[in-house]
Structure formats: C-alpha cells, structure tokens
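Got your viewer open and ready? Load the model, and let's walk through it one selection at a time.

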Amino acid sequence: MPSDTAAAVPVATPAPASSPPPRTSFDLLTEPWIPVQLLSDGTQPELSLPEVLERAHELRRLVGDVPTQEFALLRLLLAVLHDAVDGPGDLAHWTELWKADTLPLDDLLDYLQEHRERFDLLHPTTPFLQVADLRTAGDEVSRLDRIVADIPNNDRFFTMRALGADRLGYAEAARWLIHAHAFDPAGIKSGAVGDPRVKGGKVYPQGIGWTGNLGGVHIEGGDLRRTLLLNLVAADTTNLRINPPGEPNEDRPAWRRPPCGPGAADPVELSTRPTGVRDLYTWQSRRVRLRHDGRAVTGVVLGYGDPLTAHNRYDREPMTAWRRSPAQEKKLGREVVYLPRVPDPTRAAWRGVDALVTGQTPGAEQRGEAARVVRPRILDWVARLAVRGPLPPDLLVRTRTVGLVYGTQQSVVDEVVDDAVPLPVVLLNEPSDEDDGVPALGPTAVDAVRRAEAAVTALGDLAADLAEAAGAIPDGPKATARDLGFGEVGPHYLLWIAALRPGDDPGERYAAWQHTAARVLRELGDDLLAGAGSAAREGRVVTSRAGTDVWLCADAAHLRFRRRLRRELPLAFPRDTDTAPDPDPDTGAGGEELDPGLDPAGPGNTPTAPAHPNPSNAEAPA
C-alpha cells in the first residue's frame, strides 16, 4: 500500500540573481531622466532628452524636483533647440517653427547624435557638464547634500531627506548637476588641483551660480512645445546681443566648447563672453565631478567655475527684469548700473507687474532719469510676436517667475520663489495716444496695483488703530491685516488683468478694478470692526503724530479707514463725494462720512468715471 505520507520531492533552490554589472555610461540621449507631465492624463514619467523634444507637443510641462530645477532644465532645452536650428535667425524663421505641428525633429535628432559623446554623464574624458579629472589635493569627496537644493543647510527637519543624500540615481544626479551650475550658493568650496585660485586647499567665495542672480521669468504656453518656442528669441532681436554663427566668437553652448579645466577660463576669453543665450543658458558657474560606484552616484567634487558679474547684462540675459542700482553706480563710478531684479518672497508676483508690463517705475520719466526698471527681454520678444508675428493680439500668456532667495552672505538657500501672472499680450506693446491723453492698458494695469497697495495699507492702518484703541501693540495686527488684504485682493486682480482685451477702454476697466478692490477691502474692514473688542470700542486717549492728545476708538478708526479708502480708490465712489475735505490723518475729523450701507459697486451708485483717466497722475493719493 502506498504510504499516507507523500514522498518529498526535491526542489532546486534558484541561484541568486546576479547584480547587474557596474555602469560605465549613462547616456542622456537614451536613458529616461527628465520628469514631465503628460497632457493626456497628467501622469509624470521620466523621458530621455530626445523623447522630451519629440513629444513636446504632448507634454504639459517639465516637472523638476524643485521649481528652480524645472527652470534650469528649460534653459538647457532652449540651448539645445537654439543650437540645433541655428537660430531662429529672424521672425520669419521663428514663424515657420511656430506653424509646424511638432518641433523640427530631424534637425534635433541629427544634432544630438552629432554631439552624443558630450551627453554621457559618466564619460571617462568628457562627462556631461563636468571635469573628468577634477580632484582635491587630498582626494576628498563631499556628500551629495552639496548639490541637492531641497536639503536646507542645518535644517534637515524641514526636508524629506532628513538623513541627507548618500546616494542618488543617475537620472536624479543629472538634474541636480544642471541645477548646481545654475543655482549653487556661494561660500568656501573645495580647492581643485590645478586651480590657481586655491589658497590653503580652499577657494574663497566667488559668487552664486549665474541663474541664482535672476528673478527668472519665462512664458508658459499650453504645452511644452509652445513654451519652448515662446521663449526662443530670434537672433535679430534688437535689444539682445547674440553673436551670429561663423564668427570666431560665435554663440555656442557648453558642449560645443572645449572641456573645462579645474580653474576658470582665461580672463581674455571671459571678457568676450557670454556670447549669447546658448552660452548663458549653459554657463559653467561651477567645476563638478560626480563620483559613482557603477550603480549610483555617491559623492561630488564641487568647486568654482567661470565667474560672471551681473552688472548691465540686460542685453545678454533675456529671462529676468532689471533694476537700476544707485549704490553700485556710486561704488563702481558708473553712470548707470542695472542688476537683475531678484524675487521677493514677501510680495506676490502680481504686485511686481510694473517690471513685467511697462518696465518702468512711476515718476522716473518726469524726473528725466534713466528707467529704474527694465522689463525682461523675453516679454519684449513676445510683444514683437503679437505686433509683427503670428500671435493673435488677444493672446493670454502665463508669465512665471522662479528664483532662489539666499541667506548668510549667499552661502545658504533660504527660500524658493515660484509664482505666476496671466498677462494679455496686449499689455506688452500698446502705446498711449498722447494726443487725447488715453493711457495704454499696460500703464493702467500697473497703476491698478499701486492703487490696490495703497488701499491695503489703509486696511493695515485700520487694524493698527483698532489695536492701539484697545491699548495693544499695533505692529502684529497691522502686518496680519496687510497679509490678509493682499491675499484677498490678489486673486481678484489676476482675474481682472486676465480679462483685459484689445479695444477695451482703459478708463472703464480702471474704474471697474477700483470698484472690485473697494468692495473687497470694505468687507475686510467691516470684519475687523466687528471683531474689535469692547476695549477698542470704548477707546482711549492717544498721542497723534502732531503731538496732540486725541480720543481713538473703533468707530473713529473705521471712519478714518473709509475715508482713506475713498481717497485711494476714488473711482469706486460717487463723484459728488470727492469734493468733501479729507479727514485729518490723526483725528479723523473733517469731511462727510459715507453711508455705511452704501455699496459703491451696487446698482445706481456707479460713479461717472472720466473718459480717459490717467493712472499715472489722475487723482493721485496724497
């Protein structure tokens, strides 16, 4: 009889899977490494460099590990596209690219194949954007924290990489390499063998990566193909210098230049550069060598590369606004010095629309001064496309601002700024009719911001007055109210500016905006009054700016706010009240108070706006 127990069948133990052999190459033209977002379903795969360009019309955008990485990758793609098409040389050339369904794939693929060797991250002699034999005298290798920007120095509790970055996959390492050239902080760095700047084994601060100087501005289209083309400025752009092909010092990206050595390029050579946007978008601000073990990147040698001062580069760098610097003019003994206008993390992008639209600061023209602000050349380019090119005059583009805020002598990263403003192209190139005093929509949009900021300041003053009436310290409530005011007014402004179209009457649109701003801020002011405690309602004696004792209570503070609001947004209130005397800024006395129940935007209360209000000087607030 067979046994009740089944005979044991020997089972062969599978041999352990062998590890893949160590890598000696990571080809950026075949390996997926650039994160993108698909238009079809919103997923975010990684693609190789040629795949991104081939499928650009199918992609919503690039997706960086941080917003600044996305900006650095965009500039890399633009350098490839500029060089592959050898231009565009002029508006006609650009229009051909715009009318095509895809990017010029044959030109791009042939170009990348020609320079394939320079796009290998691990190449033994010409690794991508690296120095092959870069080393320190003691062969020290730094942790990858040095190039991974989402690990704040000494603040690892505020990152997903609380233990730092010990190993990076090759794809991620390639992205952080590009980011380091663009945004690496300053500070003391490793001294490389052969770098004449080394002192005691170190190189002392030489400045941040070039792109870190910028308040980076670019135009976003409906897909990545449109985004690339909208930012692809033609070589014949009059206010941007791009050295033409064939010249001894033609504009070229980093991979079409000899590999860098450990030190900076020759000063004579640097004096002739940057040669244009291809050079600038791939500027080698650092000397880098990624160390790897064949399976991942394990460390980095990071030193200073080619220096580049930011003074007066407005004719070379198109992707930032510029501000005049009296301090640098005095220091350098120059008549005019412009520096990049860096992002301010305390101000939303819409509040800086003056630098995007008109490139002017109110009052500079009347004083006969050089412009205090120069708008990004990339916006000059888009304006040209709308006036003389194929873009429709009613096109709405998304202007995105990205940048880093550095701290402690620019040696650490404090904040990342990422914001956007929808801009109708009509705002960028619409001259005023000087004969009848009609302002363009652009200056109207700029002055709408100025009016809103003044009105929000009045809201902050209301909160301060209420706190002071209650015997509290006013600074905190004032700052909180201002933040609340800008937070509430901002979305309304973005909707208002996005709705501007060619042919709109500036006076009507200007009045409509003041109605909206007044309504929002009156509601916030009423909320502050309703939340005032009994101490504020009872009030107390305070000393005015004039040095006199006055009685300040919640009702008096609210009265002052309403009068200030009328002064800053006069078109939102009936014209017959504008002749009433302004209240005393300290006592609130004088003039007639508005009916608290009157809605300035309500039926029957719409003011008669002047036919063509001049936003630069009409009814300017005191």
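One term before we start: two residues are in contact when they have heavy atoms within 4.5 Å of each other. Keep in mind, too, that this is a predicted model.

**Stop 1: the main core.** Select W33, F128, L423 and Y493. Of the 143 residues in the largest nonpolar core, these four touch the most other members. Now colour helix α12, residues 441-469: this helix gives the most to the core, with 14 residues.

Zoom in on F128 and show what surrounds it. Which residues is F128 in contact with, leaving aside its neighbours within four places in sequence? The list is L28, L76, R118, F119, D120, L121, L177, I178 and W255. As a rule of thumb, in soluble globular proteins nonpolar side chains tend to be buried together.

**Stop 2: helix α2.** Pick residues 67-85. This helix has 19 residues and reaches 27 Å from its first C-alpha to its last, close to the 27 Å expected at 1.5 Å a residue. Turn on a surface for everything else: α2 is largely enclosed by the rest of the structure, because 18 of its 19 residues are buried. Step just past the end of α2 and you reach D86, which takes a positive phi of about 55°.

Now go back into α2 and select R75. Is R75 buried or exposed? It counts as buried, since its relative accessibility is 1%, and the cut-off for that label is under 20%. Beyond its neighbours within four places in sequence, R75 is in contact with W210, T211, L214, L280, Y281, E317 and M319.

**Stop 3: a second core.** Two of those contacts of R75, W210 and L214, are worth keeping on screen. Add W283 and A310: W210, L214, W283 and A310 are among the 10 residues of another core, which lies apart from the largest one.

Centre on W283, in the loop between α8 and β7 (286-292). W283 has a relative accessible area of 3%, so this residue is buried. Leaving aside neighbours within four places in sequence, W283 is in contact with H181, W210, L270, R273, P274, D306, P307 and L308. Try a distance label on one of these: W283 and L308 are 25 residues apart in sequence, yet 9.0 Å apart in space, C-alpha to C-alpha.

**Stop 4: the cavities.** How many cavities of 30 Å³ or more does the structure hold? There are 5, and the largest has a volume of about 150 Å³. To find the largest cavity, select I178, H181, A182, Y281 and T282, which lie nearest its centre among the 15 residues that line it. Helices α2, α5 (170-183) and α8 (277-281) each supply at least two residues of that lining.

**Stop 5: helix α11.** Select residues 377-387. This helix is mostly covered, with 10 of its 11 residues buried; R377, D380, W381 and R384 are among them. Show the elements that its buried residues pack against: α3 (91-99), β6 (216-220), α6 (224-230), α10 (353-357), β11 (373-374) and β12 (396-407).

**Stop 6: a hairpin to finish.** Select residues 540-543 and 549-552. These are strands β14 and β15, which run antiparallel and are joined by 4 bridges. For one pairing, click R540, whose bridge partner in β15 is L552. The hairpin has 5 residues between its strands, and G547 takes a positive phi near 90°.

Terms used:
Residues numbered from 1 in each chain as written. Predicted model: local features only at pLDDT ≥ 70, side-chain atom pairs only at ≥ 80, totals over all residues. Heavy atoms only, no water. Core = buried A, V, L, I, M, F, W, Y, C linked by side-chain atoms within 4.5 Å. Buried < 20%, exposed > 50% of the residue type's maximum accessible area, 1.4 Å probe, protein only. Expected span 1.5 Å × (residues − 1). Pairing = 2+ DSSP bridges. 1 Å grid on protein atoms, 1.4 Å probe; cavity = no way out; pocket = protein on both sides within 12 Å on 5 of 7 lines; lining within 4 Å. Points joined across faces, edges and corners; volume = space filled by probe spheres on them.
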